[in-house]
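Colleague: Please take one part of this model and walk me through it slowly, as I am still learning how to read a sheet. I would like to follow how the strands are arranged, how they are joined, and what packs on them.

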Amino acid sequence: MNAFFPRTFLKDCPVVESAAGVWLQDRDGKRYFDGSCGAIVTNLGHGNACINDAILKQLNKVAYAHTSQFWSEPALKLCEKLIELAPANFTGGRVFLTSGGSESVETALKMARGFFLERGESNRHQVISRRHSYHGATAGALSVTGHPARKRPYSPILKESNFIHSTYDYRCLCGDPSPTPCKKQSCALARANELEEAILELGPENVMAFLAEPISGAALGAVVPGDAYWPRIKEICTKYGVLLIADEVMVGLGRTGKVFAINHWHVEPDLIVLGKGLAAGYQPLGAVLAGPKVVDAFQKNSGIFEHGYTYSGHPVAAAAGLACLEFLARENLVERVAEMQTFFFSKLEELRKYEFVGDIRGRGLFAGIEFVEDKQSKKPFDAVHKFSKKISAAATANGVLIYPGSAFIDGVSGDHVLIAPPFIATKAELDEMFDRLDAAFSSVQTIQRS
Ligand SMILES: Cc1ncc(COP(=O)(O)O)c(C=O)c1O
């Protein structure tokens, strides 16, 4: 009897048996290269003895205490460490711990609302986010998500929200017909300026936050905005007193070659949202970083943030997160990711030989490949082909796991995969991953042609 309620009843997944380094193994003995770290989670690889030891040590001390009754040493240390890692405007700030990305996004939204209530700006409640985005599965986070396919079934129970276009160079709104991405800074600026238009339309006195992924993740496949984008977004938020929330759940903590992806543009957000890589899959853990501007509003007024989860600040999860941050620093992994970028993208470029590879984009060890039926016109595949799922299935068959995304262009069509190997992967291991990917792409091309 199988009593496990799966994500889909249309396929069975293998049962995982063990994992070490960049490899997972199922109970039939088949090995899989962890080419996307699950959903960009297991950044530090599997079976790390230091992290396991830290977890066991904490388990043997105390597994759980409610944060209304006790704080714990690992939680206090983890928060301190995160503030040290954050941009300068977070000095003197605080960190709210959660169990993952969706919880963190909900926390950030409520924190933003609480901030304005504490300051007597009770009209401020509107959130602006982007049409191509993913911020989580819970009702609040899904309401501000811009991914129609993921939202559609639940729209009657979601809140209406406000969206501007994302930057998307490959299919730039300027209509650039060339098969390569548009790199015009004027287009990046035009996308940023949409924020100002949206704020003015809603009335600045009603807007509390702009929420976005510094580099797009699951909803667009590793799109990196032009350099003019983030500084202009920051300028607009500052001008209208709107909080800037950076959703770094997928791209934070080293994935793009900087501790936070927003650091590529030297922009200081008001809140940073973390999950996934924070405890790298060793425990469920998320966090919201707040600078003193936000913290003081609570501390110096009501003193209360009316919010919390039973597992907020879980001592064992915090111990795992702390051990992950220590490992990241000890092994200079953020620098390593930045160094590996050239090799990683040169290997990715070799996949352009396939007729269905339309665009390759990303930063650090975070790449998106967008698939098209026709390279010249960038015509996407008809959704019935489920092309990204086909590629992903072929990759799995060849022993490499990648993360497919679909329906992102217009809510129906669009196929991409995310490739995001663990930070610890050696060049030889990456070579093996790309050999397997090449075999997978080749097998799909053969089927396409037949
Ligand atoms: C940018 C971003 N924010 C939030 C989330 C939600 O995180 P979780 O699935 O851990 O709740 C995700 C998950 O993919 C994400 O990519």
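Modeller: Before we begin, you need one idea: two strands are said to pair if DSSP finds at least two bridges between them. Please also keep in mind that this is a predicted model. The part I have chosen is an open sheet of 4 strands, whose order is E11-E12-E14-E13 and whose pairing is antiparallel. If you read along that order, you will see that E12 sits between E11 and E14, while the edges are formed by strand E11, residues 357-363, and by strand E13, residues 403-406, each of which pairs on one side only. Neighbouring strands in the sheet are turned against each other by 20° on average, when direction is ignored.

Let us now look at one pairing inside the sheet, the one between strand E12, which covers residues 366-371, and strand E14, which covers residues 415-419. These two strands run antiparallel and are joined by 5 bridges. To find one of these places in the model, start from Phe 371 and look across to E14, where its bridge partner is Asp 415.

Finally, a helix belongs to this picture as well, for helix H11, made of residues 333-349, packs on the sheet. Helix H11 touches E11, E12 and E14, so that both strands of the pairing we have just followed are among those in contact with it. The direction of helix H11 makes about 175° with that of E11, on a scale where angles run from 0 to 180 degrees between N-to-C directions.

Terms used. Residues are numbered from 1 along each chain as its sequence is written. This is a predicted model: local features need pLDDT of at least 70, side-chain atom pairs count only at pLDDT 80 or more; totals for chains, interfaces and linings use all residues. Side-chain values use heavy atoms; hydrogens and water are left out. Contact means heavy atoms within 4.5 Å.
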